[in-house]
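Here is a walk through one protein chain, from its overall make-up down to a few residues that deserve a second look. Have the model open as you read.

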Amino acid sequence: MSGALTCSAADLSALLGPNATAAAEYICGQLGTVNNKFTDAAFAIDNTYLLFSAYLVFSMQLGFAMLCAGSVRAKNTMNIMLTNVLDAAAGGLFYYLFGYAFAFGGSSEGFIGRHNFALKDFPTLTSDYSFFLYQWAFAIAAAGITSGSIAERTQFVAYLIYSSFLTGFVYPVVSHWFWSPDGWASPFRPSGDRLFGTGAIDFAGSGVVHMVGGIAGLMGALIEGPRRGRFEKSGRPIALRGHSASLVVLGTFLLWFGWYGFNPGSFAKILVPYESGSSYGQWSGIGRTAVTTTLAGSTAALTTLFGKRLLSGHWNVTDVCNGLLGGFAAITGGCSVVEPWAAIVCGFVAALVLIGCNKLAEIVQYDDPLEAAQLHGGCGAWGLIFVGLFAKEKYVNEVYGAIPGRPYGLFMGGGGKLLGAQLVQILVIAGWVSATMGTLFFILKKLNLLRISEKDEMAGMDMTRHGGFAYMYYDNDDESHRATQLQRVDA
């Protein structure tokens, strides 16, 4: 703990006079005990803060579930809800067995971790169980993003396979590169060994979480193809609207709430003074991060509201919710190192990026029921570029360590090195996730394990795969529904 109490019996005895050695030793012993109590309290406070943040991030799974459920048609509600539950469950097991070790378990040439499989020899001097739980919550968030892109047409077994592979291998490797102190592009590496002298700054995961999940979903949706009926033969898009705007709004607010664990919680510690003896410390940075997160999301929501009104003539609540989440995805990478006014710029551009990506998706006949690839992939990539433009020198030094001449945002006078590192991050994430997840989805397609049949897709997976619809539109005593027969379909 910073500012630890120190005491020397020899120094005290000289002040207390002759025959005062015993008294000096007693006083120093008591001060040592007090110092240990302060140190213990600091660890307890930091661990409690991180655990609370992990609970907030985990609550985002409920937000994803509600958002996904509201964004699909009623006949696929049970299917998408079950996939969200399985993302968390399968992700928990595979992140425990493999993922955490690949992400943070001691590096092999900066590429992948190689220790702490199944949390062996854990906790360590630098990581406790609270840190594992927090990182697991991030891993399953990436898997939840992907499930939205391939909703309404994917076999259940494919969800299980991709979710386990993503949380157990693909995502952990990326998080090792940029978040582990040993990662080849990490800003925490020794000062003489950083990418472009700075490392890539992705504080809470615009790239590591959102781009990974978004690009994985992009590859799955491209290989799988659009839902039946989404585009006419002429290429004209047909809206297949979700069945519940209420669930979409509920999910959006739950995600907003959880984002205050996602972004501010990524500090991992709260009891860190920046200036000893003052009221300014990491707790101030945490508060500022919550503010930048709020402003970016709010600005993106309003920009989307008016932008879509000009384009479509409607005030659409679903579009506003997606715009809000796009602003959050963008600010996530730089939330701790930018000024609040810059967060407004981030949110404004994020909304334009999302609208543009959606227009492009329609042109190329790409179908993503939740706009997950456009939202998380497109806005996440913008968020990384935004850091390279607007990161403030003072905040970069506070969060990542003060080093003379450390690069910061281009528009803030820090040169182009940080922006270069951010562009490298975008390219390597896109390449890695496309190669790994694209290969997996291609293999699943060749094995006939990816897409459901046309008959099942038209009937809805709730009826054909999960034993019945999510909603009961009749009385249990009503005999009229008995004409509907359930089919049991393997896989």
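Helices and strands here are DSSP runs numbered from the N terminus, with at least four residues for a helix and at least two for a strand. With that in hand, keep in mind that this is a predicted model.

**The overall picture**

The protein chain has 15 helices and two strands. Of its 491 residues, 53% are buried. If you take the contacts between residues at least 6 apart in sequence, 73% of them join residues at least 24 apart.

**Two helices and what follows them**

Start with α6, which covers residues 206-224. Its 19 residues reach 25 Å from first C-alpha to last, close to the 27 Å expected at 1.5 Å a residue. α6 is also mostly covered, with 17 of its 19 residues buried. Just after α6 comes G225, with a positive phi of about 90°.

Then there's α13, residues 417-446. At 1.5 Å a residue its 30 residues should span 44 Å, and the end C-alpha atoms are 43 Å apart, so the two values agree. Just after α13, N448 takes a positive phi of about 60°.

**Backbone oddities in the loops**

Now for the loop between β2 (112-113) and α4 (129-149), which is where P123 lies. The peptide bond joining F122 and P123 is cis, with omega at about 0°. A118 has its place in the loop between β2 and α4 too, and its phi is near 55°, a positive value in a residue other than glycine. Is A118 buried or partly exposed? A118 counts as partly exposed, because its relative accessibility is 27% and the buried class stops at under 20%.

Further along, Q365 is found in the loop between α10 (340-363) and α11 (372-390). Q365 isn't a glycine either, yet its phi is positive at about 60°. Its relative accessibility is 35%, so Q365 counts as partly exposed.

Here are the positive phi values side by side:

| Residue | Place | Phi |
|---|---|---|
| A118 | loop between β2 and α4 | near 55° |
| G225 | just after α6 | about 90° |
| Q365 | loop between α10 and α11 | about 60° |
| N448 | just after α13 | about 60° |

**How α7 meets α8**

Two packed helices are described by the angle between their axes and the distance between the axes. For α7 (residues 245-262) and α8 (residues 282-312), the axes come within 10 Å and cross at roughly 145°. The crossing of α7 past α8 is right-handed. On the α7 side, W256, W259 and Y260 make the contact, while α8 supplies A290, T293, T294 and S298. Sorted by class, this contact has four nonpolar and three polar residues, with no charged ones.

**A closer look at T299**

T299 is found in helix α8. With a relative accessibility of 16%, T299 counts as buried, because that value is under the 20% cut-off. Which residues does T299 touch, leaving aside its neighbours within four places in sequence? The contacts are I344, G347 and F348. The C-alpha atoms of T299 and V349 are separated by 9.3 Å, with the two positions 50 residues apart along the chain. As for the side chain of T299, one of its polar atoms lies 2.7 Å from the backbone oxygen of L295. An α-helix has 3.6 residues a turn, so residues three or four places apart point the same way.

Technical notes. Residues are numbered from 1 along each chain as its sequence is written. This is a predicted model: local features need pLDDT of at least 70, side-chain atom pairs count only at pLDDT 80 or more; totals for chains, interfaces and linings use all residues. Side-chain values use heavy atoms; hydrogens and water are left out. Buried means under 20% relative accessible area, exposed over 50%, partly exposed in between (1.4 Å probe, protein chains only). Axes are lines fitted to C-alpha atoms, for helices over the stretch in contact, and angles run from 0 to 180 degrees between N-to-C directions. A crossing is left-handed if the near helix is turned anticlockwise from the far one by less than a right angle, and right-handed if clockwise. Contact means heavy atoms within 4.5 Å. Ala, Val, Leu, Ile, Met, Phe, Trp, Tyr, Cys and Pro count as nonpolar, Asp, Glu, Lys and Arg as charged, and the others, Gly among them, as polar. The expected span of a helix is 1.5 Å times one less than its number of residues. A polar contact is a pair of N or O atoms within 3.5 Å; within protein, one must be able to donate a hydrogen and the other to accept it, and residues adjacent in sequence count only if both atoms are side-chain atoms.
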